[in-house]
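Here are some notes from going through this one, in numbered points. Have the structure open while you read.

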Amino acid sequence: MPDNELSTLPENGELSAVDLLRFTTAGSVDDGKSTLIGRLLYDSKNIFEDQLEAIETSSKSRGDDNVNLALLTDGLKAEREQGITIDVAYRYFATPKRKFIIADTPGHIQYTRNMVTGASTANLAIILVDARKGVIEQTCRHSFIANLLRIQHVVVAVNKMDLVDYSEEVYERIVARFQEFSSRLNNLVDVSFLPISALHGDNVVEKSANMDWYAGPTLLYHLESVYIGTDHNHVQARFPVQWVIRPHSDEYHDFRGYAGRVAGGVFKPGDEVQVQPSGFSSRIKAIHAADGQLNEAFAPQSCSILLEDEIDISRGDMIVKPNNPPEQGQDIGAMVCWFGDQKMRVGGKYALRHTTKEVKAIVRELSYKININTLHKIEDDQEFGLNEIGCVQLRTSSPLYYDSYKDNRITGSFVLIDEQTNETVAAGMII
Amino acid sequence: MHSYRLSHIQQLESEAIFILRETAAQFDKPVLLFSGGKDSIVMAHLAYKAFHPARLPFPLLHVDTGHNFPETIQFRDEFVERIGARLEVALVQDSINSGRVTEEKGADASRNALQTVTLLDALEAGNYDAALGGGRRDEEKARAKERFFSHRDEFGQWNPKNQRPELWNIFNGRKHHGEHFRVFPLSNWTEMDVWEYIRHEGIEIPGLYFSHEREVFERAGSLLAVTDFITVRDGERVEKKRVRFRTIGDATCTGAVESSAADLDHIIAEVAAARQTERGTRADDKRSETAMEDRKKEGYF
C-alpha cells in the first residue's frame, strides 16, 4: 500500500506489518484437537498464569497425570461435565508476525453445522488425522466442508505420531491416501501436510527431534507465513448499503453518506457507479472514514460513499460498477447446509438474508443431497434435515443482486430464517 | 504492485463498525452500555466513527453501582459531552431503595451481582431491544462462545445451547416481542488490541489506568483500593503503592496491579509481558470457577 494513501493507516509501522489469519480446526472426538490448540497457545506463550493454574487444579481433581492442555479450550460447565464441546468457541493468540483467531469447532454429532459456521469466516482449515487411524470417513467430511466453503488453505496435520513410533512410512501412506481422495475436491488449491504430536509438542511450535526425515516447517511457522493476500475479491466492485448517514445539522446540511462495508473490488472518488435495484448511475464524490477522506476503499473496509447526484438509496441496495455488474434474478440455485431441527419444507417459505437485504424465498426443489462421507449424490430422497448438505432451487420475492460464491464469499452467500421461530435454519452458497 | 491489505487493527475496526451499523439498522431501540472503562470508551469511539458526521443513533446507558472511583464519573461526563452523545444513568441504589434487590452483607459485599437487576429493569423501562456491550471473547472462558448478536429470552437469560449460528457477515437480529439482544462488536478483540487501538487513535482514557500512588491492601490475591465502600478487615495491611488498574469496574471488586507504567507505550509493554489475564484482578470471577457462566445465564453482561 503506498504511503499516505489511507488516512486510517497506522502511523506505527510495526503495527501495520501485523496481519490477521482466521483459521478453523476440524477433527473427530479423539483426534486431539483441543490438545493441539492448547499446545499452540502454551508453546507460543499465549497462556497466562491464572489460566494455567486453573487447569492444573482441574487436571488434578479429574485425576489426570499431566496438565491436560485440552482443558484450556473446554469452556462451559455443561461441557466439562459431559466431556464434550458445544458449538463454536473462538480463541485468540498472537506472535510478532501475525494475530490469529481460531474457530474451534467440536467433533460430535452437530459437527457439520458447527464446522460450516466456523469455516465461513476462515482463511485456513487445519484437518486433524489420527496417525493410527489414517484417513477415515470424518476426514472426508471435513475436507468436503472446507472445499464447499472454499477455504483456500488447508493443512492436514497427522497427529499422534508418537503412537506410531514417528514412522515416516505411516505418514507417507496417509498423505498419499488423502491426495488420492482429495483429487475430487477441486477447490482445495493449497494443501499442506505436517506430521505432529500435539501431546508432546513435536512440530507444533518447536521442531521435532523425533522425525529427522521431515524437512518441512512447523505448524506455527506455516500459520505465520502462509500467503493470504488474495483471499478477498478485489476485482468486482460491490458495496451493499447498510445505513444512510444524514446528520440533519447546519454544518452538514446536505450530507448524505451511504455507509457499508466493501464486499468486493476497489472504489475511488470519480468512479462511475450504478445503484441496484434502481439502475441509476452516478459518480463517487468522496469516500469517508470518520477520521478523514479515503483515496480508495476495498474489501473488507467499512466506510461511507457520497455520490454526485441525489438518488434515493436505502439499506439493502447495492452500489456496483457498470462494467462488471452482479448477476440479478429471483431464481437462485445454491448449495445449502441445513441447520434447523425441523426438516426443510419443499414449497415452504423462509426469510432469506443476503448481504444487507432481506427477502422472502420459497423452496422450489431439492435437486439432490450429498452423502458427505462418500461424496455421492442422492437424488431420490426428498427428506432434508439437520446437518445435511444439498443443492436447492429457490424463488425469491424480489430480485437478488449476487455473485457466485466461488467469486465472492460475501455477495455469494445467504442464510434462511424460519419466520415463526426466527431461528437461522440454513446457510446457502450460490452456485 | 498495489497490495490491498488491512492490518489486524484495521480489520477489527472495520468489523466493529459494521456490527454497530447492523445494530442500528436491525433494531428499533438500541442502547450502548457505557461504564467509563476502556472497552466501553473504545466502543463509544467506534460508534462515533460509524455514524459520523451524524450523531449516535442510540443513547449511552451507565449502570451505576454507586461504588465508583470519583475520577470515573468526571471522565464519563466529559467524554459524553465531547462526542455529543446522550447519556442515561441507571442507579443500583434505586433498585436497593425500591426493594428490587437486597444489598450483600459482610466485608466481601459487592454490588456487582446486583447490577444485573438494575440493568434488566433499565432495559425494560427504556424499551431497549438491543444493548451494545464491550465484552470480548478473550476475557473469560464463558465468553469464548458468545455471539456478536447474543439472543436473550424474555427473562434476559442467556442459553448457551440455543444461540444462532453466525455465518460470514450475516447477523440475524429477528426476535419475538419481549426478547432482546446483547451485541458485542469487540468480540474478536484482545486486551492487547484494545490498547493498541487506544494508542493508535489517541483516545483519552481515565487516569486510573496509568500508574499512580494509592492506598491498597491485599485480599484473596487481589490488591484492592481503600475506598468508602469497602471495609478493611483485621489483619489486612493497608500500604501505599504505585499501582494502576487493568479494568475499571465496581471499586469493591476491581483489583489494582503494582506498576510503574505511566503512559500507553509502557502499558502496552506491560500487557505484552503480563502473566495474568486482566480478569485475574477481578474478585467477582474468583468466587467460583464458573462464576461468569452462572452470572451470564442470569442476564449479566
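1. What percentage of the 301 residues in chain B do buried residues make up? The answer is 65%. Keep in mind that this is a predicted model. Chain B has 8 helices and 10 strands, and its accessible surface is about 11,300 Å², with 47% of that belonging to carbon and sulfur atoms. Take the chain B contacts between residues at least 6 apart in sequence: 72% of them join residues at least 24 apart.

2. Now chain A. It runs to 431 residues, of which 61% count as buried. Its secondary structure comes to 8 helices and 22 strands. The accessible surface is about 17,500 Å², and carbon and sulfur atoms account for 45% of it. For contacts in chain A between residues at least 6 apart in sequence, the share joining residues at least 24 apart is 70%.

3. On to the cores. The largest nonpolar core has 78 residues, and A:Phe23, A:Leu40, A:Ile126, A:Phe144, A:Leu149 and A:Leu223 have the most contacts inside it. A:Leu40 is a good place to start clicking: leaving aside residues up to four places away in sequence, A:Leu40 touches A:Phe23, A:Phe93, A:Val204, A:Val205, A:Leu219, A:Leu220 and A:Leu223. There is also a second, separate core of 59 residues, which includes B:Phe79, B:Val194, B:Trp195 and B:Ile268.

4. Helix H6 of chain A (residues 137-148) deserves a look. Its 12 residues reach 16 Å from first C-alpha to last, close to the 16 Å expected at 1.5 Å a residue. Of those 12 residues, 10 are buried, so H6(A) is largely enclosed by the rest of the structure. The buried set holds polar and charged names too, including A:Arg141, A:His142 and A:Asn147, alongside A:Phe144, A:Ile145 and A:Leu148. Just after H6(A), A:Arg150 takes a positive phi of about 55 degrees, which you may want to check by eye.

5. Two helices of chain B make a similar story. Helix H1 (residues 8-26) has 19 residues that should span 27 Å at 1.5 Å a residue, and its end C-alpha atoms are indeed 27 Å apart. H1(B) is mostly covered, with 18 of its 19 residues buried. Helix H2 (residues 38-51) of chain B has 14 residues and reaches 20 Å end to end between C-alpha atoms, close to the expected 20 Å. Here 13 of the 14 residues are buried, so H2(B) is largely enclosed by the rest of the structure.

6. What does A:Gln242 touch, beyond residues up to four places away in sequence? The list takes in both chains: A:Ala259, A:Gly260, A:Arg261, A:Arg315 and A:Thr356, plus B:Phe18, B:Arg21, B:Glu22 and B:Ala25. A:Gln242 sits in strand E7 (residues 238-245) of chain A. Its relative accessibility is 1%, and because buried means under 20%, A:Gln242 counts as buried.

7. Next, the aromatics. Over all chains, a search of the whole structure finds 24 aromatic pairs. One of them is A:Tyr171 with A:Trp213, which is tilted, at 5.4 Å centre to centre and 40 degrees between the planes. That pair links distant parts of the chain, 42 residues apart: A:Tyr171 is in helix H7 (residues 168-182) of chain A, and A:Trp213 is in the loop between strand E6 (190-195) and helix H8 (219-225). Buried or partly exposed: which is A:Trp213? A:Trp213 is partly exposed at 25% relative accessibility, whereas A:Tyr171 is buried at 5%.

8. Chain B has its own ring pair in B:Phe75 and B:Phe79, stacked at 6.1 Å centre to centre with 20 degrees between the planes. Both lie in helix H3 (residues 70-83) of chain B, 4 residues apart, about one turn of the helix. An α-helix has 3.6 residues a turn, so residues three or four places apart point the same way. Both B:Phe75 and B:Phe79 are buried. Elsewhere, B:Phe18, B:Phe27, B:Phe148, B:Phe149, B:Phe171 and B:Phe181 form one aromatic cluster.

9. Last, two lysines over rings. A:Lys377 lies over the face of A:Tyr368, at 4.4 Å from the ring centre. In chain B, B:Lys29 lies over the face of B:Tyr128, at 4.8 Å from the ring centre.

Technical notes
Residues numbered from 1 in each chain as written. Chains lettered and ligands numbered in written order. Predicted model: local features only at pLDDT ≥ 70, side-chain atom pairs only at ≥ 80, totals over all residues. Heavy atoms only, no water. Phe/Tyr/Trp six-rings, centres within 6.5 Å; stacked < 30°, edge-to-face > 60°. Buried < 20%, exposed > 50% of the residue type's maximum accessible area, 1.4 Å probe, protein only. Lys NZ or Arg CZ within 6 Å of the ring centre and 35° of its normal. Contact = heavy atoms within 4.5 Å. Areas by Shrake-Rupley, 256 points an atom, 1.4 Å probe, with all protein chains shown as cover. Core = buried A, V, L, I, M, F, W, Y, C linked by side-chain atoms within 4.5 Å. Expected span 1.5 Å × (residues − 1).
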